[in-house]
Amino acid sequence: MKKIIKWYILPLGILILSLVAALFAGSKSISVKDIITVLSGGGSAFQKVIIFQVRIPRIIAAASTGAALSVSGYLIQNNLNNTLASPGILG
C-alpha cells in the first residue's frame, strides 16, 4: 500500500498542485479570491479573458504536451528495446 501512495498518489498530487499554481502565474497578478470568483461565474470581463482565454488553455496545452512526450518516450523505449534509451540515461 505504501508503494502505491509513493509512486502514484504523490506525483498526482504534485501535478494537481502545479496545475493550480499555474492559474496564478502570469504578468497580471490575480488574487485567489478573484480566481475563485471568476471560476464560479462572476468577476470582471478582463479577469475572465485572462483566466479562460489565456491561463486555462496554457495549462491544458502544457499538461497534454507533457503527457504526449511521456507516452512517446515510453513507446520508443518499448519498441526499440534499446538499453541506452532507459529513463535513467536519457530521462
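**Exercise 1. The core**

Which residues make up the largest nonpolar core?

*Solution.* A word on the model before we start: it is predicted, so local features need pLDDT of at least 70 and side-chain atom pairs count only at pLDDT 80 or more, while totals for chains, interfaces and linings use all residues. Residues are numbered from 1 along each chain as its sequence is written, and side-chain values use heavy atoms, with hydrogens and water left out.

Step 1: fix the terms. A nonpolar core is a set of buried Ala, Val, Leu, Ile, Met, Phe, Trp, Tyr and Cys residues joined through side-chain atoms within 4.5 Å. Buried means under 20% relative accessible area, exposed over 50%, and partly exposed in between (1.4 Å probe, protein chains only).

Step 2: list the members. The largest nonpolar core has seven residues in all: Leu 23, Ile 30, Ile 35, Val 38, Ile 50, Ile 51 and Ile 59.

Step 3: assign them to elements. Helix H2 (32–39) and H3 each give two or more residues to this core, and H3 gives the most, with three. Helices here are DSSP runs (H or I, at least four residues; strands are E, at least two), numbered from the N terminus.

**Exercise 2. The third helix**

Take H3 and describe its length, its kink and its buried residues.

*Solution.* Step 1: H3 covers residues 45–80, which is 36 residues. From first C-alpha to last, H3 reaches 51 Å, close to the 52 Å expected (1.5 Å times one less than the number of residues).

Step 2: look for a bend, the angle between axes fitted to the seven residues ending at a position and the seven starting there. H3 has a kink of about 30 degrees at Arg 55, shortly before the proline Pro 57.

Step 3: Gln 47, Ile 50, Ile 51, Arg 55 and Ile 59 are the buried residues of H3. Gln 47 counts as buried because its relative accessibility is 17%.

Step 4: move past the end of the helix. Asn 81, just after H3, takes a positive phi of about 50 degrees.

**Exercise 3. Two packed helices**

At what angle do H2 and H3 pack?

*Solution.* Step 1: two packed helices are described by the angle between their axes and the distance between the axes. Axes are lines fitted to C-alpha atoms, for helices over the stretch in contact, and angles run from 0 to 180 degrees between N-to-C directions.

Step 2: H2 and H3 pack at about 85 degrees, with axes 10 Å apart. The two helices are therefore roughly perpendicular (65 to 115 degrees; under 35 is roughly parallel, over 145 roughly antiparallel, and the rest oblique).

Step 3: find the contacts (heavy atoms within 4.5 Å). Asp 34, Ile 35, Val 38 and Leu 39 in H2 meet Gln 47, Lys 48, Ile 51, Phe 52 and Ile 56 in H3. Leaving aside neighbours within four places in sequence, Gln 47 is in contact with Asp 34 and Val 38.

**Exercise 4. A residue from the first helix**

Is Leu 23 buried or exposed?

*Solution.* Step 1: Leu 23 lies in helix H1 (residues 2–24). Leu 23 counts as buried because its relative accessibility is 13%.

Step 2: setting aside neighbours within four places in sequence, Leu 23 touches Ile 35, Leu 39, Ile 51, Arg 55, Ile 56 and Ile 59. Leu 23 and Arg 55 are 32 residues apart in sequence and 6.0 Å apart in space, C-alpha to C-alpha.

Step 3: turn to Val 20, which is also in H1. Val 20 is partly exposed, with a relative accessible area of 41%.
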